[in-house]
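Reader: Could you walk me through this one before I set anything up? I would like the overall picture, then some individual residues.

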Amino acid sequence: MYVGTLSFDLLLGDVHSLKEKRSVVRPIVAELQRKYAVSAAEVDHMDLHRRAVIGLAMVSSDAGHLSDVLDRCERLVAGRPEVELLSVRRRFHGEDD
């Protein structure tokens, strides 16, 4: 069994309230969940309207498949024009950990 996690630190564009922030972050989280069957949520900077951290996790029996899905998730978030991807933190836990 392999577990992979990603943490995306995002700077949001033209956002002036927490309500506007939710309208940007929620669709990204929903698309990650729908397209890639990962667990995803906003996990930090809840009180800042121009910053967000989205965390996601996935479990797989195949390390190659897991790495491929995490790569696709990263490309999806990086390709969103309404956010600037400041950093990505990836963790990979295998059976030997």
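Author: What follows goes from the whole chain to its core and then to single residues, and the model is a predicted one.

Reader: How many helices and strands are there, and in what order do the elements run?

Author: The protein chain has 2 helices and 4 strands, and read from the N terminus the order is β-α-β-β-α-β.

Reader: What about overall dimensions, and how does the radius of gyration agree with that of a compact globule?

Author: The C-alpha trace spans about 45 × 25 × 20 Å along its principal axes. For 97 residues a compact globule would have a radius of gyration near 13 Å, and because the protein chain has 14 Å, the value agrees with that expectation.

Reader: What share of the residues is buried, and what does the exposed surface consist of?

Author: Buried residues are 33% of the 97 in the chain. The chain exposes about 5,700 Å², and carbon and sulfur atoms supply 49% of that area.

Reader: And the charges, how many of each?

Author: There are 14 positive and 16 negative charges in the protein chain, and the mean positions of the two sets lie 6 Å apart.

Reader: Which residues have the most contacts inside the largest nonpolar core?

Author: That core has 24 residues, and those with the most contacts inside it are Leu32, Val38, Ile54, Leu56 and Cys73. Two or more core residues come from each of β1 (2–12), α1 (18–36), β3 (51–60) and α2 (63–78). As a general point, nonpolar side chains in soluble globular proteins tend to be buried together.

Reader: Take Leu56, then; what does it touch?

Author: Setting aside residues up to four places away in sequence, Leu56 touches Gly4, Thr5, Leu6, Phe8, Leu32, Val38, Ser39, Ala40, Leu70 and Cys73. Three of the other residues named for their contacts inside the core, Leu32, Val38 and Cys73, are therefore also among those that Leu56 touches.

Reader: What share of the contacts in the chain joins residues far apart in sequence, say 24 or more positions?

Author: Of the contacts with a separation of 6 or more, 72% are between residues 24 or more positions apart. Val3, found in strand β1, gives a single case of sequence distance against spatial distance: Val3 and Ser61 are 58 residues apart in sequence and 8.8 Å apart in space, C-alpha to C-alpha. Beyond its neighbours within four places, Val3 is in contact with Met58, Val59, Leu66, Arg91, Phe92 and His93.

Reader: Is Val3 buried, partly exposed or exposed?

Author: Val3 counts as partly exposed, because its relative accessibility is 23% and the buried class ends under 20%.

Reader: Changing topic: where is Arg80, and is it buried or exposed?

Author: Arg80 is in the loop between α2 and β4 (83–93), and at 17% relative accessibility it counts as buried. Leaving out neighbours within four places, Arg80 is in contact with Pro27, Ile28 and Glu31.

Reader: And Glu31 on the other side of that contact, where is it and what else does it meet?

Author: Glu31 is in helix α1 and, at 19% relative accessibility, also counts as buried. Apart from its neighbours within four places, Glu31 is in contact with Tyr36, Leu76 and Arg80.

Reader: Which residues other than glycine have a positive phi that I should look at?

Author: Two that can be named are Ala37, with phi near 55°, and His45, with phi near 60°. Most residues other than glycine have a negative phi. Ala37 is in the loop between α1 and β2 (39–44) and counts as exposed at 65% relative accessibility, while His45 is in the loop between β2 and β3.

Reader: What touches Ala52, and how accessible is it?

Author: Ala52, in strand β3, counts as buried at 0% relative accessibility. Not counting residues up to four places away, Ala52 touches Phe8, Asp9, Leu10, Lys21, Val25, Glu42, Asp44 and His45; the last of these is the residue with the positive phi near 60°.

Reader: How far is Ala52 from Val38 in space?

Author: Ala52 and Val38 are 18 Å apart, C-alpha to C-alpha, with their positions 14 residues apart in sequence.

How values were computed: Residues numbered from 1 in each chain as written. Predicted model: local features only at pLDDT ≥ 70, side-chain atom pairs only at ≥ 80, totals over all residues. Heavy atoms only, no water. Rg over C-alpha atoms; globule rule 2.2 N^0.38 Å. Buried < 20%, exposed > 50% of the residue type's maximum accessible area, 1.4 Å probe, protein only. Contact = heavy atoms within 4.5 Å. Areas by Shrake-Rupley, 256 points an atom, 1.4 Å probe, with all protein chains shown as cover. Lys, Arg positive; Asp, Glu negative; His and termini not counted. Charge placed at Lys NZ, Arg CZ, Asp CG, Glu CD. Core = buried A, V, L, I, M, F, W, Y, C linked by side-chain atoms within 4.5 Å.
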